[in-house]
Amino acid sequence: MQFKPNFDLLCDFEKVEKAKDFACNSAFVAVFKRGNKTLVYMGDIHGQNISFDMVDMCFSADFGLRPGVLLVEFENSGRKLDSTFNRNTLTYAAAVAAKRGIPVVFADLSESQMLDVINSGFPNNQINDEDLHKVLRAGPTGTNVYQKMCEYLNRFGRNRFMLENIATALNNYDTVFAIFGTGHYEEQRLVLEDMMGKPEYITRIKNMRDDFSDVKIEPVTIFDFKKGE
């Protein structure tokens, strides 16, 4: 079985919110199983205590699943992380994985790749690095040009890249952990269900915080956006 995402099933975040088809105000873990493949997808609300605790839960012995790889919402720019781990859930998750010898994949587009996606979709409104930060801060809902660009970037860039990484990881590992923002999950959910079936959700856990502030993370690459493979 080879996993391949159907991008036609991607949803715009604004439409998901309006339909109330899936909406969660807290971090959660969705556990997908199909055959001998398991995807543990954590919907992260960056920096919340429950998000840190859910990271620890997913990597704990009691959880009963050891991932072959962790995919995390960091730019696929080849950089190395060596910073504080107290406030950023994504960095914390990468550190936990690295400490356990689990490879970490930075599974989001780099800023230059994001610019390429936006400028290809808005040929009459070319933007630069400074404008990109305005786009990311604007969010994918609303009617101004930055919000429209953010929606376009998610649909035709970021979510596709994340899903390509998830599919490729599943094709190479039996157990895959992924941590992306809850908004990305809501946009990707139907694609994930098409590949893996409906998941079981975990929303409440006990406090399990640990210290991984001394861990250095060496990212690896699964899906090469430039090569498309």
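How many disulfides does a search of the whole structure find? The search finds zero. The notes below concern a predicted model.

1. **Overall organisation.** The protein contains seven helices and seven strands. Along the sequence these elements follow the pattern α-β-β-α-β-α-β-α-α-α-β-α-β-β. Of the 229 residues, 51% are buried. Among contacts with a separation of 6 or more, 78% are made by residues 24 or more positions apart.

2. **Cysteines.** The absence of disulfides applies to the whole structure. Two cysteines may be noted individually. Cys58 is buried, with a relative accessible area of 4%. Cys150 is likewise buried, with a relative accessible area of 3%, and Cys150 is also one of the α6 residues that meet helix α5.

3. **Strand β5.** This strand spans residues 175–181, and seven of its seven residues are buried, so β5 is largely enclosed by the rest of the structure. Two of its pairings are described here. Strand β2, residues 37–44, runs parallel to β5 and is joined to it by seven bridges; within this pairing, Met42 stands opposite Ile179. Strand β3, residues 69–75, also pairs with β5 in the parallel sense, over four bridges. In that case Val69 is the residue opposite Val176 of β5.

4. **Helix α3.** Residues 89–99 form a helix that is mostly covered, with nine of its eleven residues buried. The buried positions are Thr89, Leu90, Thr91, Tyr92, Ala93, Ala94, Ala95, Val96 and Ala97. The elements covering them include the strands β2, β3, β4 (104–108) and β5, together with helix α2 (49–59). Strand β5 thus appears among the cover of α3 as well as in the pairings with β2 and β3.

5. **Helix α4.** In this helix, residues 111–121, the buried residues are Gln113, Met114, Leu115, Val117, Ile118 and Asn119. Their cover includes strand β4 and the helices α5 and α6. An α-helix has 3.6 residues a turn, so residues three or four places apart point the same way.

6. **Packing of α5 on α6.** Two packed helices are described by the angle between their axes and the distance between the axes. Helix α5 (residues 129–138) and helix α6 (residues 145–172) pack at an angle of about 85 degrees, and their axes lie 8 Å apart. The two helices are therefore roughly perpendicular to each other. On the α5 side the contact is formed by Asp131, Lys134, Val135, Leu136 and Ala138. On the α6 side, the partners are Tyr146, Gln147, Met149, Cys150, Leu153 and Arg158. By character, the residues of this contact comprise seven nonpolar, one polar and three charged.

7. **Ala30.** Which strand holds Ala30? Ala30 belongs to strand β1, residues 28–34. Ala30 is buried, with a relative accessible area of 0%. Leaving aside residues up to four places away in sequence, Ala30 touches Leu39, Val40, Tyr41, Tyr185, Pro199, Glu200 and Tyr201. For one of these, Tyr41, the separation from Ala30 is eleven residues in sequence and 5.1 Å in space, C-alpha to C-alpha.

Methods:
Residues are numbered from 1 along each chain as its sequence is written. This is a predicted model: local features need pLDDT of at least 70, side-chain atom pairs count only at pLDDT 80 or more; totals for chains, interfaces and linings use all residues. Side-chain values use heavy atoms; hydrogens and water are left out. Buried means under 20% relative accessible area, exposed over 50%, partly exposed in between (1.4 Å probe, protein chains only). Two strands pair if DSSP finds at least two bridges between them. A disulfide is a pair of cysteine sulfur atoms within 2.5 Å. Axes are lines fitted to C-alpha atoms, for helices over the stretch in contact, and angles run from 0 to 180 degrees between N-to-C directions. Angles under 35 degrees count as roughly parallel, over 145 as roughly antiparallel, 65 to 115 as roughly perpendicular and the rest as oblique. Contact means heavy atoms within 4.5 Å. Ala, Val, Leu, Ile, Met, Phe, Trp, Tyr, Cys and Pro count as nonpolar, Asp, Glu, Lys and Arg as charged, and the others, Gly among them, as polar.
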